[in-house]
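Open the model in a viewer and keep the selection tool at hand. The stops below go chain by chain, with something to select at each.

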Amino acid sequence: MALLEVENLRVELTLRGNIAPVIDDVSFSLEAGETLSFVGESGCGKSMTALAIMGLLPDKVGRIAAGSIRFDGEDLAKASDKRMREIRGNEISMIFQEPMTSLNPVYTIGEQISEVLRRHQNLGAKAAHAKAVELLDAVRIPNPAARINDYPFQMSGGQRQRVMIAIALACEPKILIADEPTTALDVTVQAQIFDLLRDLRKQTGTAIILITHDMGAVAEMAERMIVMYAGRKAEDGPVEPIIAHARHPYTKGLIACVPHLHAELTEERERLVEIGGIVPGLAEFGANRCLFASRCGLRSQKCLDQRPQEQKFEAGHASACWHAEAV
Amino acid sequence: MSDQTAQSEVALPEEPVVKARHPLAEAAEMFARNKAAVAGLIVLLIIIIAAIVGPFLYPTDPFAMVWAPFTPPAQEGYLLGTDYLGRDLVAMLIHGARVSIVIGLSAALITVFIGVTIGALAGFFRGWVEEVLMRFTEFFQVLPTLLFSMVIVALFGASLPMITLAIGLVSWPAVARITRSEFLRIRELEYVTASRASGTSNMKLIFGVILPNAAPPIIVQAALMVGTAILFEAGLSFLGLTDPNVVSWGQIIGSNRQYILDAAYTVTIPGVAIFVSVLAISLVGDGLNDALNPKLRQR
Amino acid sequence: MADDAKPFLQVENLTVRFPVKRGGMFGGKAYLYAVDDISFQLKRGQTLAIVGESGSGKTTAALACARLVPAHSGKVVLDGQDFLAASDVELRKARAKVQFIFQDPYSSLNPRLRAEKIVREPLDSLQTIPAEKRDEVVQKLFKAVGLRPEQMRLFPHQFSGGQRQRIGIARALATQPALIICDEPVSALDVAVQAQILNLLRDLQSDLGLSYLFISHDLGVVQHMCDEVAVMYMGKIVEHASRLDLFNAPQHPYTKALLSAVPSVDKERREAQKRILIPGDPPDPIDPPKGCRFANRCPIAQDICSRSEPALEVKRRGQGESGHRAACHRVDVA
């Protein structure tokens, strides 16, 4: 059995009396030690999936309306708040996009790391401190024994993100959810963080869910990817075959619309492929049709009349498009 | 030239035409959704209308002795009774409302005028201009406000304009500080840089570009200032430091205070009037704050 | 045009510094040299990209070129005229020739103005054309950037991020400038929308013969947009070359590290590329090291690197007229 199995998950947001399914019938699974990437534009439900797994949906506004999130055999969708608090930061932890604001400015980083260890692992103050130094060393902060007494403002953005990773990994979680962990960082720092995540995964066997909009990052980091569009799964499968031959026009567009660096650059520069228009508003979520149709060149009447069913290809590759064969 | 991919033969339904919505129209809608604020606004409007047309509909002279002193409310045809000199409390309340409203509004205007000018210049020009202006502001801020206004009134006489000026002079620093901090924030935004890149003059930048965007918290502060000014005036007149020839709510309380045990209503009624009007203003201010705050407006 | 050969924009020894308070009352004044003695030029119809990471000074350099932050020293010569020394009247004329596209489509439009008024603002301020013609120009601009005429009356918050950036582009085009400085014009946009804006910028360039000074940290985007690239590190240009030279044969170790850090979907490139990790962080910009500023992170640094500062000099002939230049002791002149 997979480490995490999400089945037919439906998350609804209630805004001004309107209910919108921001995650609409999404299923996927995550094996231990695997890296799975969620890709898509903002507003497509990538982060919402992560929040649903963490039990951190916005209070009163968001709720899991249907489906299950099985983690190690336990359904998190039905777990109590108390149980979720035990799991969060311990068995499943998360790092966020903004390393500048996700650390508490009035505590030293040592205190913030120790605090997690003491809460979840009942370590004493001394043991927690020692472990914190070890963790800082593991995330490659130079001179960890001294830096542990630093406050967040004394560190650079990249170092803060390392501290966030140290906190997330403190209790050796089974799953680490990284929500755009490098978007706010420079590329050279991003490369360092990616390296670090890869090494840590090798050492600890932690499964990683990487949420990103950068296909390059997916290609470098993940084995499998899920492309989300308007709360639904557009495409799902192993990374290499999808990048080589995407079976959903949205995925294809996402790959082609970004100017990439190639092995050998040539004089010619092709016009970038555009995906016209923007992600539909929440009001359109949940409609029984293809939500990408309005931006799609392959649109047919069927796309406007009926929500596409998943078409299967080899090696677990699947695409929710009526014209998947033609893409 | 934009839709390269959308070449499908299947047409989409026409996009609906979006109507232009002024940011203020959206703010008004937001305000209307806040029931407490709307209630406050209604109360406030009633008080203002009463102050304006009241004296014509109810022409009793507030200084005339109309009946026996200490007639309790709703007796002998006097809705709110009479005070220790036998003056009609309804007439006094209506005339007092005029004074309160006039002082409240004009003190707030003075406050905004001085505060915005100083805050805007300090926040826009930075450097030594800011240093000088903010030291000046701090000087006014540390003055004991009640004492300072008592001195002004004692020196220059207890006329209405002087009282208004005194209140204005002691309360502008708050507005100056808010204006300055808003200017400091907004002057760094890219649309201000964009205006500079297209050669806009400094005066236009200050008053045409930054000030309209800095207005919301200033408006809220000004609205609350009206309430503060009314309370302030009440305080001064309670101490007998205002023009005795003008009726105001604070003065009614002040002049009847000796009889508070025998005829509590003479003090309670104007007290309630002050309380209700200041509360109404606070609610409106709160509503404005919510309506004009773009963070709350997002979805 | 006869002056095609002459550069339209010529930046010479530009330095921008900001005062910083240090060490309380007795610390005295220190300066942060955000842009430290950089020179480059840009011809009509061409795109020069300035790339660099945060703190490299690329945006400050761009703002200084448009006289939006004061330069400490140096020259910005625009179409033969010293822009930084221009009088008020000259400045107005010069402003019309240089316009700016900003990074953040949310803070770069005044929320109180209708879209048409935003686009019209430079025309009203700089008065390049008579008032009665301005409406017509605004209408044409809306069409040129792919917005519908009925959207002219809307307010910024009624547009999506991509549409807002189109408004920003229309505003920049209003005074028919010859040079547009694009400061990270797509980095705040969703990937799918980026392509729309980049295509639009390239179309406008070929239609109107615009020059772009293109500031970006995204090497993929830069690769797609530029003719020449200058790489900045801590206020200095460390490498300057034509597009193909820089991306196919980078010389400076920092450029190499930067290029190797970009994740790619191209399997071939991923396999060919050896990642060069540069450890640590840049040194304190207020008190930069004496020698090469990259020395403390450089994988090939030697003694000389921390002793003397390398000059930006031609290392290879390269494709560009001014050759392939890099500031590094360890790169030999070919």
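In what order do the four strands of the open sheet in chain C lie? The model is a predicted one, and in it the order is 2-1-4-5, with antiparallel pairing.

**Stop 1: the sheet of chain C**

Select residues 29–42 and then residues 81–82 of chain C. These are strand 2 and strand 5, the edge strands of the sheet, and each of them pairs on one side only. Now add residues 73–78 of chain C, which form strand 4. Strand 4 of chain C runs antiparallel to strand 5 of chain C, and two bridges join them. To look at a bridge in this part of the sheet, pick Val77(C); its partner in strand 5 of chain C is Asp82(C).

**Stop 2: chain A as a whole**

Move to chain A and colour by secondary structure. Chain A contains 11 helices and 12 strands. Along the principal axes, its C-alpha atoms fill a box of roughly 65 × 55 × 40 Å. The radius of gyration of chain A is 21 Å, which agrees with the value near 20 Å for a compact globule of 327 residues. Of those 327 residues, 49% count as buried. Among the contacts in chain A with a separation of 6 or more, 65% come from residues 24 or more positions apart.

**Stop 3: a hairpin in chain A**

Select residues 4–15 and 18–30 of chain A, which are strand 1 and strand 2. The two strands pair in the antiparallel sense over 10 bridges. One residue to label is Leu9(A), whose bridge partner in strand 2 of chain A is Val26(A). Then go to the turn: two residues lie between the strands of this hairpin, and Arg16(A) takes a positive phi near 50°.

**Stop 4: where chain A touches chain C**

Show chains A and C together. Here 39 residues of chain A are in contact with 39 residues of chain C. On the chain A side, select helix 7 (187–204), helix 8 (215–221) and helix 10 (249–256); each supplies at least two residues to the side that touches chain C. Which helix of chain A gives the most to that side? Helix 7 of chain A does, with six residues. Colouring this side of chain A by class gives 18 nonpolar, 11 polar and 10 charged residues.

**Stop 5: chain B as a whole**

Hide the other chains and show chain B. Its secondary structure comes to 11 helices and zero strands. The C-alpha atoms of chain B fill a box of roughly 90 × 55 × 30 Å along the principal axes. A compact globule of 299 residues would have a radius of gyration near 19 Å, but the value for chain B is 25 Å. Of its 299 residues, 42% count as buried. For contacts in chain B between residues at least 6 apart in sequence, 69% join residues at least 24 apart.

**Stop 6: two helices of chain B**

Select residues 89–125 and 127–141 of chain B, which are helix 3 and helix 4. They pack at an angle of about 145°, with their axes 7 Å apart, and helix 3 of chain B passes helix 4 of chain B in a left-handed crossing. To see the contact, show side chains for Ile118(B), Leu121(B), Ala122(B) and Phe125(B) on helix 3 of chain B. On helix 4 of chain B, the contact residues are Gly127(B), Val129(B), Glu130(B), Leu133(B), Met134(B) and Thr137(B). By class, this contact between helix 3 and helix 4 of chain B has seven nonpolar, two polar and one charged residues.

Definitions and conventions:
Residues numbered from 1 in each chain as written. Chains lettered and ligands numbered in written order. Predicted model: local features only at pLDDT ≥ 70, side-chain atom pairs only at ≥ 80, totals over all residues. Contact = placed C-beta atoms within 7 Å. Nonpolar A, V, L, I, M, F, W, Y, C, P; charged D, E, K, R; others polar. Axes fitted to C-alpha atoms, helices over the stretch in contact; angles between N-to-C directions. Left-handed = near helix turned anticlockwise from the far one by under 90°. Rg over C-alpha atoms; globule rule 2.2 N^0.38 Å. Buried ≥ 20, exposed ≤ 12 C-beta atoms within 10 Å, placed from the backbone. Pairing = 2+ DSSP bridges.
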